[in-house]
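Welcome! Let's take a friendly look at how a helix fits into its surroundings.

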Amino acid sequence: MRPQIIDRSRDQEFMRLALELAAEGAALGEVPVGAVLVQHGQILGQGFNRPITDSDPSAHAEMVAIRAAARAASNYRLPGSTLYVTLEPCSMCAGLIVHSRVNRVVYGALEPKAGVVQSQGQFFTQGFLNHRVIYEGGVLAEECGAILSEFFKARRAKA
């Protein structure tokens, strides 16, 4: 098996776009998480959290971006792709990432309660998975964490 070459040169650029998407979600009252899926240097899908807007508990940012990318690629598998997401993925999204054959996940802030990449369970390292996902956390972590903190602080102030 050949070692994979990882191009990190545009990680911050795509994470900044994910942050912009998270802000769009926050403006709608959604928890501000944004995601961008890139394949061969091209954005195939993007999205932000929409469970409230869409009345769909599965409409997490990762889900929205991967669905859009699969439609754009006319393929339910997205080999060679990288998913940028502002918050560490949950178990539902981690499963989707494996099933859609995303090659790499880059996330910003940790999600200590429900994140399963690093915080809880380390899902992508499980031996039963039939696809290995490369992952990297902490890209623009401060900015990604700040948008979430500000959102919840404002929500608490309204309550």
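Some questions and answers about a core and a pair of helices follow.

This is a predicted model, in which local features need pLDDT of at least 70, side-chain atom pairs count only at pLDDT 80 or more, and totals for chains, interfaces and linings use all residues. Residues are numbered from 1 along each chain as its sequence is written, and side-chain values use heavy atoms, leaving out hydrogens and water.

Q: Which element gives the most residues to the largest nonpolar core?
A: A nonpolar core is a set of buried Ala, Val, Leu, Ile, Met, Phe, Trp, Tyr and Cys residues joined through side-chain atoms within 4.5 Å; buried means under 20% relative accessible area with a 1.4 Å probe, protein chains only. Among the elements that each supply at least two residues are α3 (61-73) and α4 (91-99), where helices are DSSP runs of H or I with at least four residues. The most, 6 residues, come from α1.

Q: What do the buried residues of α4 pack against?
A: In α4, the buried residues are C93, A94, G95, I97 and V98. Contact here means heavy atoms within 4.5 Å. The partners of these buried residues are α3, β3 and β4, with strands being DSSP runs of E with at least two residues.

Q: Are α3 and α4 roughly parallel or roughly antiparallel?
A: Their axes, lines fitted to C-alpha atoms over the stretch in contact, with angles from 0 to 180 degrees between N-to-C directions, cross at roughly 20°. Angles under 35 degrees count as roughly parallel, over 145 as roughly antiparallel. α3 and α4 are therefore roughly parallel.

Technical notes. Buried means under 20% relative accessible area, exposed over 50%, partly exposed in between (1.4 Å probe, protein chains only). Angles under 35 degrees count as roughly parallel, over 145 as roughly antiparallel, 65 to 115 as roughly perpendicular and the rest as oblique.
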